[in-house]
Amino acid sequence: MLQGVNPIPDPIDTKHDDKTYDPEEDLKRVDNTYEDPFGNEETAEVKYKTLKWWQCGMFMIAESVSLGVLSLPATLSALGIVPAVILIVGLGILALYTGYVIGQFRQRYPFIHNLADAGEILLGRFGRELFGLGQILFSIFIMGSHIVTFTVMMNTITEHGTCSIVFSVVGMIICMVLSLPRTIKNMTYVSIASFLSIFSAVMITMIGVGVQYKGGENISVTHETNLYHAFSAVTNIVFAYCAHVAFFGLIAEMEEPKDFPKALCLLQGFEIALYVTAAVVIYYYVGDGVGSPALGSAGPLLKKVAYGVAIPTIVGAGVVNGHVGLKYIYVRMFRRNPTRMHKRDLVSVGSWVAIGLTCWIIAFIIAQGIPTFNNIVSLISSLFASWFTYGLSGVYWLHLNYGRWFSSKRKIALFVINILIVGVGAVICGLGLYVSGKAIHDDSSKMSFSCANTAN
C-alpha cells in the first residue's frame with residue numbers, strides 16, 4: 001500500500017535533501033494516463049475551475065458548520081465543560097493538520113479529483129472502488145441527516161401539523177431542486193445563505209437561553225458518565241469536523257489550488273471559535289437538560305423562530321454536502337469523455353438530474369429508517385468521518401514520506417503523530433459503531449417510517 005513512490009518534502013518540513021527526487025517522473029510511474037478530470041476549459045460552455053480561495057473557504061464553512069454545531073451543547077452535558085471544550089479544541093486543531101496533509105497529498109498528485117482517486121494511489125483499483133463507495137455513502141447519509149433535521153424543524157414550527165413522512169418528502173423535493181446547478185461556484189451562493197442562516201439561528205438561541213434562564217445553576221465542570229454516553233458525545237464533536245471528504249473536489253475546482261491552506265485556515269479558525277462559544281454559552285444557561293439539536297432549548301416561541309431562521313442551512317448545507325457525492329458520480333460517468341461535462345445538452349443535464357434524484361430518494365429512505373438526529377449523526381461520524389477527517393490523513397502522510405520515516409528527529413516525531421492519527425480514526429470508528437448501533441437499536445425502531453412527532 002505504501003510502496004511505489006519516492007519520498008517528497010514533509011507537509012511541515014519543506015526542506016528536501018533528496019536530489020534524485022523528480023516529481024514528474026514519479027507521477028508517470030503512479031499514473032501513466034495522468035490527466036485533468038475537467039480537461040481543457042478554454043472554450044467550454046460550463047467551466048468548473050473557477051473557485052477563489054475565499055469562496056472555497058465559505059463553501060467549506062457551509063458544508064461543515066451546519067448541523068454539527070447544533071449537537072455540541074449536549075456534549076458538554078454528557079462530559080462536563082472542561083473535557084468537552086478540550087475535545088472540541090483538540091479535535092479542531094487535529095482537523096487543521098489533517099486537512100493540510102490532504103492538501104499536500106493533492107499537490108503531489110494533481111490529478112486527484114475525489115476520494116476514489118486517492119484510494120487508487122494507495123490501494124490500486126480496489127482502493128478506487130472502496131474509497132469511491134465510501135464517499136458516495138457518506139454524502140448520501142449527510143443528505144439523509146438534513147432531511148431528518150428538516151422534519152424536526154417542520155414538526156417544531158407547525159407543532160406536528162401533519163405526518164412526519166410528508167415533511168420528509170417536502171424536504172427531499174426542495175433539496176433536489178436546489179441541487180440542479182452543476183458547478184461548485186454556483187453552489188457558493190447557497191453556501192453563503194446557509195452560513196448566515198446557521199450563524200443567525202445560533203445567535204438567536206444563545207440570546208434566547210440567556211434571557212430565559214438564570215444560568216450557571218445546573219452545569220458540571222466534569223461529569224461522571226459511562227463509555228456509551230461519553231463516546232456518543234465524542235462522535236457529535238467528530239461530526240462537527242466532517243468537511244474533509246470534500247477537500248479533493250474543492251481543490252480541483254479552485255483557480256489557484258496552492259491557495260487551499262488559506263481556505264482551510266478560514267474554515268478551522270471560524271469553526272473552533274464558533275463551536276466553543278456556542279456550546280459553552282448555551283450549556284451555561286440551559287444546563288444538563290440541553291437538547292440536541294440545541295435550537296429546541298430556546299423556549300416555546302424562540303425555538304420556532306430559530307428553526308425558521310435555520311431553514312436555509314438545514315436545506316442548503318444538505319445540498320452543498322450532497323453536491324460532493326453527486327459530482328463524484330458525474331465525473332466518474334464522463335471521465336473518459338470530459339468534454340461531455342461542459343455541455344448543456346440533454347445527456348449532460350439529464351444525467352446530472354437523474355443522479356441527483358436517485359441519491360435524494362436513497363437519502364429519504366435512510367432518513368425514515370434513522371429518524372433521530374443524534375443517532376444518524378453518531379453513525380455518520382463513526383462510519384465515515386472517523387477515517388475521512390482523521391485516520392486516512394495519517395495514511396496519506398505515511399505514503400508521502402515512505403522511506404524517510406526515521407530520517408531525522410522531526411520525521412520520527414511526525415511518524416509517531418501520524419501513526420497515532422491512524423489509531424484515533426480506528427478507535428472512533430470501532431467504539432462509535434458500538435454506541436451508534438446501540439442507540440439506533442434502542443431508540444429509532446419505534447419511529448422508523450412512521451408519522452410520529454420527531455420534534456419530541
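Buried means under 20% relative accessible area, exposed over 50%, and partly exposed in between, using a 1.4 Å probe and protein chains only. Helices (H or I, at least four residues) and strands (E, at least two) are DSSP runs, numbered from the N terminus.

The model is predicted: local features need pLDDT of at least 70, side-chain atom pairs count only at pLDDT 80 or more, and totals for chains, interfaces and linings use all residues. Residues are numbered from 1 along each chain as its sequence is written, and side-chain values use heavy atoms, with hydrogens and water left out.

**Exercise 1. Helix α6**

Task: Check the length of helix α6 (residues 164-178) against its expected span, then list its buried residues and name elements that cover them.

Solution:
1. The expected span of a helix is 1.5 Å times one less than its number of residues.
2. Helix α6 has 15 residues, so the span should be 21 Å. The end C-alpha atoms are 21 Å apart, in agreement with that value.
3. The buried residues in α6 are Ser164, Phe167, Ser168, Gly171, Met172, Cys175 and Met176.
4. Their cover includes α5, α12 and α13 (346-369).

**Exercise 2. Salt bridges around Glu129**

Task: Find which residues form salt bridges with Glu129, and state where each partner lies in the structure.

Solution:
1. A salt bridge is a side-chain nitrogen of Lys or Arg within 4 Å of a carboxyl oxygen of Asp or Glu. The whole structure holds 10 salt bridges.
2. One partner is Arg125, with the closest N and O atoms 3.8 Å apart. Both residues lie in helix α5 (residues 115-158), and because they are 4 residues apart, about one helical turn separates them.
3. Glu129 is partly exposed at 38% relative accessibility, while Arg125 is exposed at 51%.
4. Another partner is Arg332, at 2.8 Å from N to O. Arg332 belongs to helix α12 (residues 311-333) and Glu129 to helix α5, so this pair ties together parts 203 residues apart in sequence.
5. Arg332 is partly exposed, at 34% relative accessible area.

**Exercise 3. A network**

Task: Describe the salt bridge between Glu120 and Arg128, and name the network to which these residues belong.

Solution:
1. The closest N and O atoms of Glu120 and Arg128 are 2.7 Å apart.
2. Glu120 is partly exposed, with a relative accessible area of 30%, whereas Arg128 is buried, at 8%.
3. Salt bridges link Asp117, Glu120 and Arg128 in a network.

**Exercise 4. Two helices that pack**

Task: Classify the angle between helix α4 (residues 81-108) and helix α15 (residues 409-443), and list the residues in contact.

Solution:
1. Axes are lines fitted to C-alpha atoms, for helices over the stretch in contact, and angles run from 0 to 180 degrees between N-to-C directions.
2. The two helices pack at about 110°, and their axes are 12 Å apart.
3. Angles under 35 degrees count as roughly parallel, over 145 as roughly antiparallel, 65 to 115 as roughly perpendicular and the rest as oblique. Helix α4 is therefore roughly perpendicular to α15.
4. Contact means heavy atoms within 4.5 Å. Leu94, Tyr97 and Thr98 of α4 make the contact with Leu414, Asn418 and Ile421 of α15.

**Exercise 5. Val395**

Task: State whether Val395 is buried or exposed, and compare its separation from Leu122 in sequence and in space.

Solution:
1. Val395 lies in helix α14 (residues 373-400) and is buried, with a relative accessible area of 11%.
2. Val395 and Leu122 are 273 residues apart in sequence, and their C-alpha atoms are 8.6 Å apart in space.
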